[in-house]
Amino acid sequence: MIDSSVGLARRDAGTRRGLTLVEVIVVVGVAALGMVAAGPALQVARQQAREVTCEAVLLGLGTNLALYAADNEDYFPSVNTSGVALRAKQYALSVDPNALNNSTLPVQSWDWMSPLAAYDSSVTLEDNRAARWYTLWTTYRCPEKAPRSTVYAGGGVPDVSDFVAYRWPACSYLMPACFSLWGTSVEADLGVYELTPVPVPVMHVRTNWEVSNTSFFSRLDQVGPADRKIFVADGTRYLPDGDAPLDHDISPYPLLFGAFATQGAWWGATNAYHPGVGTDTYGNGPVTTVSGDSDGNNLRLSYRHQCANPRGTRGPRLVPDGE
């Protein structure tokens with residue numbers, strides 16, 4: 001007996017047709033419209049994910065800061081505390097070119113990240129100074145920080161060749177320099193004879209700056225109310241002339257502040273945060289002077305997670321309400 005259903009199936013299969021060109025275009029168009037409609041939602045979701053990651057990094061840094069201070073009599077890492085270990089090595093370089101290649105040293109005298117990384121079990125710092133620096137800036141990086149940075153090396157950088165091998169991200173977080181510099185009334189050298197026979201001098205706030213910390217030390221109990229202070233802020237150090245690629249100073253011993261620290265938004269001459277000539281800064285006073293080449297251009301690289309400022313417009317919130 002012949003199964004007629006086989007023939008019917010074959011005839012049905014032979015009468016099937018593929019999609020016409022018009023139908024394909026319609027399907028693709030509908031899919032494209034769906035993707036366009038979903039685009040803003042996906043962008044918002046990505047933005048929120050980046051913000052959560054940034055907040056997690058900052059939370060980790062804050063936790064490690066508390067641990068460091070608890071182990072160091074309430075001092076926090078800065079140029080006059082943890083940075084002294086590196087500054088003392090300045091005298092050793094003349095006899096040992098590898099004196100800076102030590103995983104326990106900061107990578108720069110202004111480097112506050114290395115001491116905090118010591119409390120992070122997921123971070124391993126290398127002996128090579130350039131490798132340590134790269135690990136710090138890639139580990140403690142906000143995903144919103146897209147710009148790249150190039151190496152700036154002035155005179156006296158012994159290991160510049162180690163740095164040029166990396167593709168550098170820009171620094172994501174900076175410490176206000178005045179958190180590191182001690183009061184101008186402090187005249188004595190730092191007694192670090194266990195590190196070097198020559199004492200390391202204290203780094204002071206300059207008398208012509210707009211703030212004066214006359215008896216300040218890098219201690220948590222001297223910064224005032226903690227909820228009114230910022231230990232680190234979004235940003236990178238400065239914008240070079242002509243909107244050239246960002247660069248960072250790899251000197252082990254910058255004088256006033258380095259690639260890990262800068263002035264705050266209250267100072268009209270800061271290279272990182274000031275809003276530019278003709279605008280207002282701390283206390284709504286007019287900005288009349290600038291330093292370097294940024295003139296406010298760096299604000300587009302700083303304060304990435306923006307909020308409403310006191311005047312109700314979108315943008316960097318430079319001054320908290322009521323101050």
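## Salt bridges

The count of salt bridges comes to two, where a salt bridge is a side-chain nitrogen of Lys or Arg within 4 Å of a carboxyl oxygen of Asp or Glu. Keep in mind that this is a predicted model: local features need pLDDT of at least 70, side-chain atom pairs count only at pLDDT 80 or more, and totals for chains, interfaces and linings use all residues. Residues are numbered from 1 along each chain as its sequence is written, and side-chain values use heavy atoms, with hydrogens and water left out.

In one salt bridge, Asp159 meets Arg129, and their closest N and O atoms are 2.8 Å apart. This pair links distant parts of the chain, 30 residues apart: Asp159 sits in the loop between β1 and α6 (160-163), and Arg129 belongs to helix α5 (residues 129-139). Helices (H or I, at least four residues) and strands (E, at least two) are DSSP runs, numbered from the N terminus. Both Asp159 and Arg129 are buried; buried means under 20% relative accessible area, exposed over 50%, and partly exposed in between (1.4 Å probe, protein chains only).

Arg219 and Asp221 form a salt bridge too, at 2.9 Å from N to O. Asp221 has a relative accessible area of 48%, so this residue is partly exposed.

## Aromatic contacts

Arg219 also turns up beside a ring: this residue lies over the face of Tyr75, 5.0 Å from the ring centre. A charge sits over a ring if NZ of Lys or CZ of Arg is within 6 Å of the ring centre and within 35 degrees of the ring normal.

How many aromatic pairs does the structure hold? There are 15 aromatic pairs, counted when rings of Phe, Tyr and Trp (its six-membered ring) have centres within 6.5 Å; planes under 30 degrees apart count as stacked, over 60 as edge-to-face and the rest as tilted. One of them joins Phe76 and Phe179 in a tilted arrangement, with 6.0 Å centre to centre and 45 degrees between the planes. Phe76 lies in the loop between α2 (21-71) and α3 (83-87), while Phe179 lies in the loop between β3 (173-176) and β4 (189-190), so the pair ties together parts that are 103 residues apart in sequence. Phe76 and Phe179 are both buried.

Ring pairs also build a cluster, linking Trp133, Tyr134, Trp137, Phe163, Tyr166, Trp168 and Phe260.

## The loop between α2 and α3

The loop that holds Phe76 has some backbone angles to look at. Glu73, found in the loop between α2 and α3, has a phi near 55 degrees, which is a positive value in a residue other than glycine. Asp74 is in the loop between α2 and α3 as well, and its phi is near 70 degrees, again positive in a residue other than glycine.

Are these residues buried or exposed? Glu73 is exposed, with a relative accessible area of 61%, whereas Asp74, at 32% relative accessibility, counts as partly exposed.

## Two open sheets

Strands of a sheet pair through backbone hydrogen bonds, either parallel or antiparallel. Here two strands pair if DSSP finds at least two bridges between them. One open sheet has three strands in the order β2-β1-β7, with mixed pairing. Its edge strands, β2 (168-169) and β7 (246-249), each pair on one side only. Strand β1 (residues 148-152) runs parallel to β7, and four bridges connect them. Val151 has His248 in β7 as its bridge partner.

Another open sheet of three strands follows the order β6-β3-β8, and its pairing is mixed too. The edge strands here are β6 and β8, each pairing on one side only. Strand β6 (residues 233-234) is antiparallel to β3, with two bridges, and Leu174 stands opposite Ala233 in β6. On the β8 side, β3 pairs with strand β8 (residues 261-262) in the parallel sense over two bridges. Met175 has Ala261 in β8 as its bridge partner, and Pro176 stands opposite Thr262 in β8.

## Cysteines

A disulfide is a covalent bond between the sulfur atoms of two cysteines. With a disulfide taken as a pair of cysteine sulfur atoms within 2.5 Å, a search of the whole structure finds zero. Cys142 is in no disulfide, and the nearest cysteine sulfur, that of Cys54, is 3.3 Å away. Cys142 counts as buried because its relative accessibility is 0%. Cys171 counts as buried too, at 1% relative accessibility.
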